[in-house]
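Biologist: Got a minute to look at this one with me? I'd like to talk cysteines and then a helix.

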Amino acid sequence: MLYRPEDFEPLTDEPWDEERVRTGIREIVADTDAALRGPKLLWPAEDWDRWRATSPLKDLYCGAAGVLWALADLREHGHAETGLDLGDLALRVLERHRARPDVGSWTDLPEPRESALLAGETGILLVAYRLAPAAELAETLHVRVRENIHNEADEIMWGAPGTLIAARLMLGWTREPRWRAAWDESADAVLARREPDGQWTQRLHGHTTRYLGPVHGLVGNVQALAPLLDLKRRSALVRRTTAILERAAFVEDGLANWPSEERERLENARGEIPLQWCHGAPGILCAEAPYLDEALVLAGAELTWRAGAHRDAKGAGICHGTAGNEYALLHALERTGDQRWLERARRFAVHALAQVRRQRAARGRGRYSLFTGDPGVALYLQSCLDARAAFPVLDA
């Protein structure tokens, strides 16, 4: 068994309608604007999102910085216009974070915790610079990137692979050589910690793991390294990584999935079989579709399509929900040029929008985060309109 059918629901029969999807994006943005409780309270957080964290949430993963990233992206691509002053809000979010960090009371985080891209100050600084560029923000962000070089997490959320992404974005925005130097310094360190078999070990929350997926593991590190790595090292890295993924894949009847870690069983320690962006085939394809054998890309995408949409327990978001799975279909489109994958991705998009509306009605408000909430779904709807596989932040 490659996934658990009981964890999924059939896709809606509602057809793709471009104008209705555009209306849905504007609806999410309007709801997000209206839900802002002010520069101190920011947005209300779901229980799952604020687990062990200080409310209001400020980070890039499921806090206010991620919401601002999504609103800015939708505005820049012409899909929705927020009524909020994003630059001013970004600076206030940074101020609030410094006064009361989201995870300030945690004791089992990889250090330096403030350098984390998705859960620390680095991501908030990155959003603030994007929306209200200033030399002081760039200086502090540069310090955060360089001090994270030896972080033992070795993954995107907390470790140096995440700050590689921040350095690459800052290099693109500023063209300053110091960002290329910071990127090179971090990349050399990350590559030096790669083990002889081609994988990395992550030390997170008191546990040692070797994940395969994009947010905490192998393919995320490769995705962070590949864009700026020299051709010789990139080719060697990709060759070794694809060999690992080919060996780790579970393939049945033309379908494929991957476990969280390379092992003999697909089930994780909780008895689950993940099929989502953070763990499983969708995330593997989002990071590695350009390099994997095309038969494996198609097998993973076909499994994702046949499984259908995540039920409301996982929701519609991009990390472990319906919209995150859909990005795999857009990557299959980019790899093959087969328009069938765009049609399927858009079918998922219609379903995800319906999920957002259903869950908003059930809880009486939206879910305001980039990776787990409605703004992230809006970015997926945007990707379907534009027919491009642009996963937020990582593919920026």
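Modeller: Sure, starting with Cys384: this residue is buried, at a relative accessible area of 0% (buried is under 20%, exposed over 50%, partly exposed in between, with a 1.4 Å probe and protein chains only). Mind that the model is predicted, so local features need pLDDT of at least 70 and side-chain atom pairs 80 or more, while totals for chains, interfaces and linings use all residues. Numbering runs from 1 along each chain as its sequence is written, and side-chain values use heavy atoms, with hydrogens and water left out.

Biologist: How many disulfides are there?

Modeller: The count is 0, taking a disulfide as a pair of cysteine sulfur atoms within 2.5 Å.

Biologist: And how far is the nearest cysteine sulfur from Cys319?

Modeller: That sulfur belongs to Cys278 and sits 3.8 Å away, and Cys319 is in no disulfide. Cys319 is buried too, at 3%.

Biologist: Why no bond for Cys384?

Modeller: Because its closest cysteine sulfur, in Cys286, is 12 Å off, too far for a bond.

Biologist: Switching to H14, what's its span?

Modeller: H14 covers residues 374–386, 13 residues, and reaches 19 Å from first C-alpha to last, close to the expected 18 Å. The expected span is 1.5 Å times one less than the number of residues, and helices are DSSP runs (H or I, at least four residues), numbered from the N terminus.

Biologist: Is H14 buried or exposed?

Modeller: 12 of its 13 residues are buried, so H14 is largely enclosed by the rest of the structure. Cys384 is one of those buried residues, as are Tyr380 and Asp374.

Biologist: Which helices do they pack against?

Modeller: The buried residues of H14 pack against H1 (18–35), H2 (64–76), H12 (322–336) and H13 (339–363), contact being heavy atoms within 4.5 Å.

Conventions
Helices (H or I, at least four residues) and strands (E, at least two) are DSSP runs, numbered from the N terminus.
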